[in-house]
Amino acid sequence: MSVTDPQPPAPEAGADAAQEALHDRIAADSLTTRRDYLRIVATVSGGLAVGGIGVASGILHRHGDSEGAPEPKKIADQILPGESLAFRYPGDEDRAIAVRMEDGTLAGYSAVCTHLACAVLWRSDRGSEGELYCPCHEGVFDARTGAVTAGPPPRGLPKVILIEQVDGSVWAIGTARSGESLEEGLCRQQGDALRLCRERSGAGAAAERSART
């Protein structure tokens, strides 16, 4: 007597069709997900590129662009050596940073990188006396001048003009564009309202007259 192994039942045509439909649906969902992901990446990358071009070409707002005199603003009761402070000036949309170096030098800058508008941070542990650093693309700015020392930024940081009162409080009183001195920025915004600017204007006019004679 022989024993015959049982044969598995033949698959039904309906089951095969269902499995094939499920496979197609999974493949379609995966394709849609990949397409959506690529679309998102392309949109974000395009936005960054447009923003970078806008910042570089001057289409977008730059810190210190205003011709008028901004209102003075108290930003701190005191800033000690080695400390930094993030604040907004001259407008609520203008990110800025103040730093006090170990030798007491006080400086203020726009906290928006001139490359792709990422945030600029103060790193007291970098360099011989600290530096302003953009972590997005390794941009580095000199803490004393705001000039570019490394990375892709095309120009230095615009400056925020700071003064310290006798009580130790720190005030922001104006801005200077990238490459512009504090005096030039202050006189551009204040005009002849300050004696320093009047004297500067008078000296410039006298030098021009002398050059013509």
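Start with helix H2, residues 182-190. In this predicted model, H2 lies across strands E9 and E10. Its direction makes an angle of about 85° with E10.

Next, select E9, residues 159-164, and E10, residues 170-176. The two strands run antiparallel, joined by six bridges. Pick Ile163 and look across to E10: its bridge partner there is Trp171. Now follow the chain from E9 to E10. The two form a hairpin, with five residues between them. Stop at Gly168 in the turn, where phi is positive, about 90°.

Stay on E10. Is this strand enclosed or open to the outside? Six of its seven residues are buried, so the rest of the structure largely encloses E10.

Now add E1. Three bridges tie E1 to E10, and this pair is antiparallel too. Select Lys74 to see what faces E10: Lys74 stands opposite Trp171. Trp171 is also the bridge partner of Ile163.

Zoom out to the whole sheet. How many strands does it have, and in what order? There are six, arranged E1-E10-E9-E4-E3-E2. The sheet is open and its pairing is antiparallel. At the edges sit E1, residues 73-76, and E2, residues 84-88, each paired on one side only. On average, neighbouring strands are turned by 35° against each other, ignoring direction.

Move to E4, residues 106-110, and select Ser110 in that strand. Is Ser110 buried or exposed? Its relative accessibility is 1%, under the 20% cut-off, so Ser110 counts as buried. Show its side chain: it reaches the backbone nitrogen of Val112 at 3.2 Å.

Next comes the largest nonpolar core, with 15 residues. Select Ile97, Val120, Trp122 and Leu132, which have the most contacts inside this core. Then colour E3 (95-100), E4 and E6 (131-134): these elements each give two or more residues to the core.

Centre the view on Ile97. What does Ile97 touch beyond its neighbours within four places in sequence? Its contacts include Ser84, Leu85 and Phe87. Ala107, Gly108, Tyr109, Ser110 and Ala111 are also among them. So are Val120, Leu121, Trp122 and Leu132.

Last stop: a separate core of 11 residues, apart from the largest one. Select Ala76, Phe87, Tyr89 and Ala172, which are among its members. Phe87 links two stops on this tour: it belongs to this second core, and it is in contact with Ile97. As general background, nonpolar side chains tend to be buried together in soluble globular proteins.

How values were computed. Residues are numbered from 1 along each chain as its sequence is written. This is a predicted model: local features need pLDDT of at least 70, side-chain atom pairs count only at pLDDT 80 or more; totals for chains, interfaces and linings use all residues. Side-chain values use heavy atoms; hydrogens and water are left out. Two strands pair if DSSP finds at least two bridges between them. Helices (H or I, at least four residues) and strands (E, at least two) are DSSP runs, numbered from the N terminus. Axes are lines fitted to C-alpha atoms, for helices over the stretch in contact, and angles run from 0 to 180 degrees between N-to-C directions. Contact means heavy atoms within 4.5 Å. Buried means under 20% relative accessible area, exposed over 50%, partly exposed in between (1.4 Å probe, protein chains only). A polar contact is a pair of N or O atoms within 3.5 Å; within protein, one must be able to donate a hydrogen and the other to accept it, and residues adjacent in sequence count only if both atoms are side-chain atoms. A nonpolar core is a set of buried Ala, Val, Leu, Ile, Met, Phe, Trp, Tyr and Cys residues joined through side-chain atoms within 4.5 Å.
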